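Grab a pen and open the viewer. Here are a few exercises, each with a worked solution.

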Amino acid sequence: MNKIELSGQDDQLDFFQLPDFLAPRAFVVILMTAQLLVMLFSLFVYGMNFDWVGFASMTIYVQWQAISSACLLALMRNTINRLSNKMFTIVSSYLILLLVALLVALLAQWVFNFKQNNTIDWEIIWRNYFISAIIAGVALRYLFVQQQLIHQEKAAVVASLASLQARIKPHFLFNTMNSIASLIGFAPDKAEKMVEDFSTLLRESLKDERLETTIEKEWGLCERYLSIEQLRLGERLSWQVDFSALDTSLPIPSLSLQPIIENAIYHGIQPALEQGYILVKGEYQAGEIIISIENSQFETAQSHRANKGNKMAISNIRHRIHQLYGPSALLELKDLGDSFRTVLRYQPKNLIFDID
């Protein structure tokens, strides 16, 4: 699991990891960048009298060096990234690039010069070496700055998500306490049982500060909340869940299903005198997680939703899934007349954000 630590500017120099230069996308970028440098340098050297032979020789030289550097850094990536001080990572990477530059320069002289006239042009070697040193330094500096920007953006996202999650917890806890208070006067035995369930629920909700959890754990929290509300509402509340078409080990934002369940009870079940239901179904289609929560809705419930609707929780969840999974993540609300359906759609990512 990857952790993102909220750090200040003083810690930024200690954050640098070599990427996988042999990954298809990164490797293509390296080759294209190397060729672009060849084209620019050729135009600078030859001008309008373009020398195709010189251009071809320069292409072979630069691509040799680019490919050799990428391969050597990729082979030593794990070792370098384990260095305790990340400044050592940058310095070690730079020294490797300098070594490759010198070896390629010597090899090129041996192939193109020494085999023909038994001489080595050291001026060309050192010129190419210093040019390579400058380019390597600029490239590493670019990678370092890019990683700092990504690090800062992720830290900002984590801070924003933590703030949104902090807002929803008191709302959830206060509503549960209100449910307990409503039973104390006429059903103290049920209130006592609800306090026991609430202590378990509180412990579970507070012990894990991750911004993401698994669907299994999130639904476990919902079941504890439903058990508490069952004591208060009795037979008026029933629910069914079907996750047979969904891998419940997949990620989901913490405290995302529970507020939806809470809204379903508050707007759909509680205002009605008849027995109500909540249906939960999960699916996984084309890389997308789809979770629908449908609750019964009677005329009194519709009026309650229109007059007392609290959209804070829904708006909160919508902001969180957009920040975690991008603009393609959706939270859809559908009024079906006799029932109300909330559908959560998102594509999970590999990274799970943590709060330290």
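**Exercise 1: Rings**

Ring pairs join Trp-126, Tyr-129 and Phe-130 into a cluster. Keep in mind that you're looking at a predicted model.

Task: find out how many aromatic pairs a search of the whole structure gives, then classify the pair made by Trp-219 and Phe-243.

Solution.
- Step 1: the search turns up five aromatic pairs.
- Step 2: take Trp-219 and Phe-243, whose ring centres sit 6.0 Å from each other, with 90° between the planes. A pair of aromatic rings is described by just these two things, the distance of the centres and the angle of the planes.
- Step 3: pairing needs centres within 6.5 Å, and planes over 60 degrees apart count as edge-to-face. The Trp-219 and Phe-243 pair is therefore edge-to-face.
- Step 4: Trp-219 belongs to helix α7 (residues 215–233) and Phe-243 to strand β2 (residues 237–245), so this pair ties together parts that are 24 residues apart in sequence.

**Exercise 2: Buried or exposed?**

Task: decide whether Trp-219 and Phe-243 are buried or exposed, then do likewise for Ser-69.

Solution.
- Step 1: the cut-off you need is that buried means under 20% relative accessible area.
- Step 2: Trp-219 has 6% relative accessibility, so Trp-219 is buried. Phe-243 comes in at 14%, so Phe-243 counts as buried too.
- Step 3: Ser-69 is part of helix α2 (residues 52–75). With a relative accessible area of 9%, Ser-69 is buried.
- Step 4: setting aside residues up to four places away in sequence, Ser-69 touches Leu-97 and Val-100.

**Exercise 3: Two helices side by side**

Task: work out how α7 and helix α8 (residues 257–269) are arranged, and say which kinds of residue make up their contact.

Solution.
- Step 1: the two helices pack at an angle of about 25°, and their axes are 9 Å apart.
- Step 2: angles under 35 degrees count as roughly parallel. That is why α7 and α8 are roughly parallel to each other.
- Step 3: for the handedness, α7 passes α8 in a right-handed crossing.
- Step 4: now list who meets whom. The α7 side includes Trp-219, Cys-222, Tyr-225 and Leu-226, and the α8 side includes Leu-257, Ile-261, Glu-262 and Ile-265. The residues of this contact split into nine nonpolar, one polar and four charged.

**Exercise 4: Two residues from that contact**

Task: look up where Glu-262 and Leu-233 sit, and how far each is from a partner distant in sequence.

Solution.
- Step 1: Glu-262 is in helix α8. Its relative accessible area is 5%, so Glu-262 is buried.
- Step 2: C-alpha to C-alpha, Glu-262 and Leu-226 are 8.6 Å apart, although 36 residues separate them in sequence.
- Step 3: Leu-233 lies in helix α7, and its 7% relative accessibility makes Leu-233 buried.
- Step 4: Leu-233 and Gln-270 are 37 residues apart along the chain, with 7.3 Å between their C-alpha atoms. Not counting neighbours within four places in sequence, Leu-233 is in contact with Ile-265, Ile-269 and Gln-270.

**Exercise 5: The whole protein**

Task: sum up the secondary structure, the buried share and the long-range contacts.

Solution.
- Step 1: the protein has 10 helices and seven strands.
- Step 2: of its 356 residues, 40% are buried.
- Step 3: take contacts between residues at least 6 apart in sequence; 74% of these join residues at least 24 apart.

Technical notes:
Residues are numbered from 1 along each chain as its sequence is written. This is a predicted model: local features need pLDDT of at least 70, side-chain atom pairs count only at pLDDT 80 or more; totals for chains, interfaces and linings use all residues. Side-chain values use heavy atoms; hydrogens and water are left out. Rings of Phe, Tyr and Trp (its six-membered ring) pair if their centres lie within 6.5 Å; planes under 30 degrees apart count as stacked, over 60 as edge-to-face and the rest as tilted. Helices (H or I, at least four residues) and strands (E, at least two) are DSSP runs, numbered from the N terminus. Buried means under 20% relative accessible area, exposed over 50%, partly exposed in between (1.4 Å probe, protein chains only). Axes are lines fitted to C-alpha atoms, for helices over the stretch in contact, and angles run from 0 to 180 degrees between N-to-C directions. Angles under 35 degrees count as roughly parallel, over 145 as roughly antiparallel, 65 to 115 as roughly perpendicular and the rest as oblique. A crossing is left-handed if the near helix is turned anticlockwise from the far one by less than a right angle, and right-handed if clockwise. Contact means heavy atoms within 4.5 Å. Ala, Val, Leu, Ile, Met, Phe, Trp, Tyr, Cys and Pro count as nonpolar, Asp, Glu, Lys and Arg as charged, and the others, Gly among them, as polar.
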